[in-house]
Amino acid sequence: MTIHQAPDGSPGPADGAREEILRRIRQALGNPASTTPDPTAVPRTYLTTHVHHTPEQRTALLADNLTDYRAHVHHTDQAGLPATVARLLSEHGTRTAVVPPGVPAAWLSAATGVDVHHDTDADPLTPRQLDAVDTVVTGCALAIAETGTIVLDAAPDQGRRVLTLVPDHHVCVIDASGQVVDSLPQALPRLDPARPQTWISGPSATSDIELERVEGVHGPRTLDVILVTSPPPSG
Amino acid sequence: MSGTFVGLPSFPQAAAVSTQDTQLRANLRHATRTIRDKRATAIGELSDWPQLRAAGAAIKDHTLAHLDHYLRQLEAAVTAAGGTVHWAADADQANRIIADLIHATGETQVVKVKSMATQETGLNEALQAEGITAYETDLAELIVQLGDDRPSHILVPAIHRNRHQIRDIFTDQMAAWGRPAPEDLTDDPAALAEAARLHLREKFLTTKVAISGANFMVAETGTLVVLESEGNGRMCLTLPDTLISLVGIEKTIPTWQDLEVFLQTLPRSSTAERMNPYTTMWTGTTSHDGPQNFHLVLLDNGRTDTLADTTGREALRCIRCSACLNVCPVYERAGGHAYGTPYPGPIGAILTPQLQGTSTPLTASLPYASTLCGACYDVCPVAINIPQILVHLREQTAQGGTTTSRGTPATATPASGHAAMRAAMRAATWTLTHPRTLHQAQSLATKTRRLHPKNPPGPAAAWTNTRDLPPLPAHTFNHWWKHHHSTEGTPQP
Ligand code: SF4
């Protein structure tokens with residue numbers, strides 16, 4: 001518990017606010033001593049998935065929903081991944097790229113003429129430096145087919161949240177055989193709430209001006225997703 | 001500037017002005033109908049929508065019934081994860097805490113994610129009085145701030161502005177706030193968005209303190225969740241050294257699993273998308289990633305008084321999706337400003353009088369800013385029975401009764417000099433003199449009438465028995481007239 005104190009050490013205006021709010025709640029509920037709640041009382045009769053798919057159908061649904069949100073989806077296999085990454089960087093005119101520490105070197109092994117920065121805790125790029133980087137290449141924690149969502153949880157192949165935020169182009173690699181789930185109820189148990197998370201469904205967008213959709217107000221304006229149909233090469 | 005909206009005229013007076021604004025009405029009509037239609041499609045994809053809606057309502061009711069427990073659990077989890085929790089009983093306390101936290105950093109500028117809680121407390125103005133400038137970073141909020149204006153919609157706050165007006169606002173005002181607009185700025189939405197991107201990126205890269213709200217707070221884990229589209233939220237939640245989040249206590253949910261309900265219902269109800277482009281979740285602080293100082297300010301400001309009203313407390317389930325605005329025939333005509341608070345439309349009509357009490361002309365008239373057509377109840381993803389609460393609040397403004405004010409039981413006296421009755425009559429007159437609004441309301445209502453409550457429980461029952469809420473006919477009068485008087489003027493069987 002923290003009771004607010006003014007910086008000079010004198011009692012802050014919110015002293016006692018915690019007790020007062022808790023008192024008001026108990027009074028409002030008419031139970032002076034709070035009972036221990038039983039969360040299982042909530043009815044969970046909704047579905048855990050709306051589709052029953054083969055792995056191929058699930059990947060196809062993910063691709064459709066990502067495309068619907070104007071992400072660019074590419075299919076390849078393990079052997080074709082380095083060439084696909086290289087092609088996307090070249091098509092984007094990428095001269096500088098950043099990768100988090102856990103991205104396998106093989107992913108960028110075919111990219112020529114690209115200056116690749118490795119962002120580590122010991123040697124992190126500043127936001128200003130990241131602003132000058134063209135592309136970020138990452139993996140992901142998982143992807144949700146029904147909603148067309150990629151989840152990043154700051155694991156070593158995804159890195160700090162800022163890496164996928166400041167550069168204008170994000171290339172995200174998904175292992176289609178192991179990282180795609182059907183639905184939100186299937187996704188949450190696989191994620192650790194203690195890790196900071198970024199859920200991405202298509203690139204940044206706004207409809208604030210006469211409801212006309214515009215991509216990329218902030219964050220990457222181009223999202224390239226590579227679905228790898230066999231596990232991506234490691235090392 | 002967005003503010004606390006004090007001293008505003010009552011709803012009928014404000015509505016009389018805003019319905020003359022043809023720009024506003026055209027934009028609103030386009031917006032509400034576009035979103036309404038898309039939303040129906042997005043929800044149609046989920047065959048278990050009724051079950052998700054019931055679960056959402058049950059989770060929120062369960063949380064409210066044990067709110068003290070879950071707030072203490074939340075506080076412990078946030079603290080264990082490296083955050084600091086503060087409690088604010090009212091707007092002044094919240095603003096004081098936040099101003100002191102900013103002073104302690106030595107900074108005089110902050111970036112903000114769109115947050116209705118900070119509009120509710122008038123934070124920007126309070127900080128300005130302390131020599132701190134708060135920059136809004138949501139595109140629509142930026143338009144509103146640069147235009148020295150107020151937001152008019154929960155989801156699309158600058159819905160009352162068209163592209164030409166936005167171009168002029170950017171050209172005239174951006175330089176005074178930071179990076180100027182490009183010389184040759186056109187009114188193409190992509191060009192306007194690009195101007196905003198450049199203007200704001202400079203702020204994101206240099207500002208050390210950010211202020212946000214949150215859509216959800218998970219008690220079990222201490223996780224805060226923000227849903228957004230543009231990426232300005234991610235910028236504010238990730239780049240600064242210090243993050244201060246002001247969140248209403250009703251935004252608590254018990255478990256990580258509960259997110260599976262609301263992350264399905266909120267985006268589809270709100271922007272009619274399967275999922276919003278960006279969702280950020282953080283739990284306390286993480287070394288080497290994101291803000292290293294995190295402060296959570298828990299806001300009461302009338303919420304516990306609302307909780308004390310066993311009929312009205314349902315309003316605290318609201319997840320601010322704005323679906324009820326988009327179906328409301330009164331909102332479509334009157335616009336958000338007429339409601340005089342950050343919470344417009346049907347939810348504003350029940351939440352504002354409860355948070356602030358019904359003693360001002362504005363808050364006393366808000367429960368009458370409705371035709372009781374029931375369309376809002378029908379779309380609400382947490383099944384808030386808005387018509388029932390409107391009737392309940394009408395009873396309170398007309399007859400008085402027991403209420404709670406700042407945690408103390410109080411007796412609400414009927415608005416003096418029959419102010420409530422006058423407000424009611426003005427509102428009724430306004431609705432009846434806008435026949436198209438009434439017609440739409442009736443059309444919507446007859447489609448949903450099977451879902452309507454017949455007899456509101458509690459004290460409202462006695463009042464409605466004799467006064468209001470007639471059973472809704474199967475057809476509107478207009479429909480009946482057309483049906484029974486065909487071109488030949490012959491009544492049909
Ligand atoms: S009252 Fe219901 S429909 Fe309206 S904003 Fe709140 S959750 Fe959405």
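These are my notes on a ligand site, a helix and a hairpin in chain B of a predicted model.

**Ligand site.** I started with the ligand and asked where it sits. It is in the second largest cavity. Next I listed what surrounds the ligand: B:Cys318, B:Ile319, B:Arg320, B:Cys321, B:Ser322 and B:Cys324, then B:Ile347, and then B:Cys380, B:Pro381, B:Val382, B:Ile384 and B:Ile386. I sorted that shell by residue type and got 10 nonpolar, 1 polar and 1 charged.

**Helix α12(B).** I moved on to residues 259-270 of chain B and checked the helix length. With 12 residues at 1.5 Å a residue, α12 should span 16 Å; the end C-alpha atoms are 16 Å apart, so the two agree. Is the helix enclosed or not? I found 12 of the 12 residues buried, so α12(B) is largely enclosed by the rest of the structure. Buried here means under 20% relative accessible area. I noted that the buried set includes B:Glu260 and B:Arg268, along with B:Leu259, B:Val261, B:Phe262 and B:Leu263. Just past the end of α12(B), I came across B:Ala272 with a positive phi of about 65°.

**Hairpin β11(B)/β12(B).** Last, I looked at how strand β11 (residues 401-405) and strand β12 (residues 408-412) of chain B pair up. They run antiparallel, and 5 bridges join them. I looked up the partner of B:Gly401 and found B:Ala412 opposite, in β12(B). The hairpin has 2 residues between the strands, and I noted that B:Arg406 takes a positive phi near 50° there.

Terms used
Residues numbered from 1 in each chain as written. Chains lettered and ligands numbered in written order. Predicted model: local features only at pLDDT ≥ 70, side-chain atom pairs only at ≥ 80, totals over all residues. Heavy atoms only, no water. Near = heavy atom within 4 Å. 1 Å grid on protein atoms, 1.4 Å probe; cavity = no way out; pocket = protein on both sides within 12 Å on 5 of 7 lines; lining within 4 Å. Sits in = over half its atoms within 2 Å of the grid points. Nonpolar A, V, L, I, M, F, W, Y, C, P; charged D, E, K, R; others polar. Helix = DSSP H or I, 4+ residues; strand = E, 2+ residues; numbered from the N terminus. Expected span 1.5 Å × (residues − 1). Buried < 20%, exposed > 50% of the residue type's maximum accessible area, 1.4 Å probe, protein only. Pairing = 2+ DSSP bridges.
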